[in-house]
Amino acid sequence: MSSLDGVPTIMSGDTTLIFPAAEDWYATAEALFADGWNVCVDITAVDYSAYGAPRNLPEDVQPERFEVVANFLSHERRARLRARTQVSGDAPTIESLVMIYPGVDTLEREIFDMFGITFTGHPDLSRILMPEDWVGHPLRKDAAVGSIPVQFKAPSTAQR
């Protein structure tokens, strides 16, 4: 994987984990695609702000509040690869991968909606799960636990 020289890498079982810097996220995805990692199977995020234990990161990777995690598949190699990049909690922004992997469109929108991480260059970065007027991002660890009143029908008194 010569195009990824310099990207911190560790193994987890038989899966390669790479840790590109946030500013190298898009270029790394381009290199992966060129190297035959032709499918981005999944992309998600994690909010580590309430996580007290040390994280499994290479020594030269500085932990941040958020981590964006993408799983790639190479049919040719019959292998999987996971990319984990640290994203600042102060200005959670990272480049969109939609132009390389169109299938991540709704997944990036979900991350934006649930965590408030902005994907620059995304063609339609808008809420997908929460109402447009919803304030906040429900999967952030500092999000208030809210409640939505649920009305149930009165129990039926009819006999069967």
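**Rings, Strands and Salt Bridges**

Good morning. I begin with a single residue: Phe33 has a relative accessible area of 41%, so it counts as partly exposed. The cut-offs behind that word are 20% and 50%, with partly exposed lying in between. Please keep in mind throughout that this is a predicted model.

Let us stay with the aromatic rings. The model contains four aromatic pairs. In one of them, the ring centres of Phe33 and Tyr101 are 5.6 Å apart and the planes stand at 80 degrees, so this pair is edge-to-face. Phe33 belongs to helix H1, whereas Tyr101 sits in the loop between S6 and H2; the pair therefore links distant parts of the chain, 68 residues apart. Is Tyr101 buried or exposed? Its relative accessibility is 3%, so Tyr101 counts as buried.

Tyr101 also forms an aromatic pair with Phe72, and this one is tilted, with 5.3 Å from centre to centre and 55 degrees between the planes. Since Phe72 lies in strand S4 and Tyr101 in the loop between S6 and H2, this pair ties together parts that are 29 residues apart in sequence. Phe72 has a relative accessibility of 1% and so counts as buried. Taken together, Phe33, Phe72 and Tyr101 are linked by ring pairs into a cluster.

Phe33 leads us to helix H1. Which residues of H1, residues 25-34, are buried? They are Trp25, Tyr26, Thr28, Ala29, Ala31 and Leu32. The elements that cover these buried residues include S2, S3, S4, S5 and strand S6, residues 93-95. After H1 comes Gly36, which has a positive phi near 100 degrees.

A second positive phi deserves attention. Most residues other than glycine have a negative phi. Arg78 is not a glycine, yet its phi is positive, at about 55 degrees. This residue is found in the loop between S4 and S5. With a relative accessibility of 78%, Arg78 counts as exposed.

I turn now to the sheet. In what order do its five strands lie? The order is S1-S2-S5-S4-S3, in an open sheet with mixed pairing. Strand S1 (9-12) and strand S3 (39-47) are the edge strands, each pairing on one side only. On average, neighbouring strands of this sheet are turned by 20 degrees against each other, direction ignored.

Within the sheet, strand S2 (residues 15-18) and strand S5 (residues 79-87) run parallel and are joined by three bridges. Here Leu17 stands opposite Arg82 in S5. Helix H2, residues 105-115, lies across S3 and strand S4 (66-74), and runs at about 5 degrees to S3.

My next topic is charge. Side chains of opposite charge can pair when their charged atoms come close. How many salt bridges does the structure hold? There are six, and I shall describe some of them.

Arg55 and Glu67 meet through their side chains in a salt bridge, at 3.6 Å from N to O. Arg55 lies in the loop between S3 and S4 and Glu67 in strand S4, so parts 12 residues apart in sequence are tied together by this pair. Glu67 has a relative accessible area of 1%, so it is buried.

Another salt bridge joins Asp142 to Arg65, whose closest N and O atoms are 3.1 Å apart. This pair links distant parts of the chain, 77 residues apart: Asp142 is in the segment after strand S7 (118-120), and Arg65 is in the loop between S3 and S4. Asp142 is exposed, because its relative accessible area is 53%. Asp142 and Arg65 also share a network of salt bridges with Asp47.

Asp113 and Arg127 form a further salt bridge, at 2.3 Å from N to O. Asp113 is in helix H2 and Arg127 in the segment after S7, 14 residues apart, and the pair links these distant parts of the chain. Both Asp113 and Arg127 are buried.

I close with Arg140, which lies in the segment after S7. Arg140 is buried but has no salt bridge. How far away is the nearest side chain of opposite charge? That side chain is Asp142, at 5.1 Å, whereas a salt bridge requires the atoms to be within 4 Å. Leaving aside neighbours within four places in sequence, Arg140 is in contact with Asp47, Arg65, Phe66, Pro92, Met114, Phe115 and Gly116.

Thank you for your attention.

Notes. Residues are numbered from 1 along each chain as its sequence is written. This is a predicted model: local features need pLDDT of at least 70, side-chain atom pairs count only at pLDDT 80 or more; totals for chains, interfaces and linings use all residues. Side-chain values use heavy atoms; hydrogens and water are left out. Two strands pair if DSSP finds at least two bridges between them. Helices (H or I, at least four residues) and strands (E, at least two) are DSSP runs, numbered from the N terminus. Axes are lines fitted to C-alpha atoms, for helices over the stretch in contact, and angles run from 0 to 180 degrees between N-to-C directions. Contact means heavy atoms within 4.5 Å. Buried means under 20% relative accessible area, exposed over 50%, partly exposed in between (1.4 Å probe, protein chains only). Lys and Arg count as positive and Asp and Glu as negative; His and the chain ends are not counted. Rings of Phe, Tyr and Trp (its six-membered ring) pair if their centres lie within 6.5 Å; planes under 30 degrees apart count as stacked, over 60 as edge-to-face and the rest as tilted.
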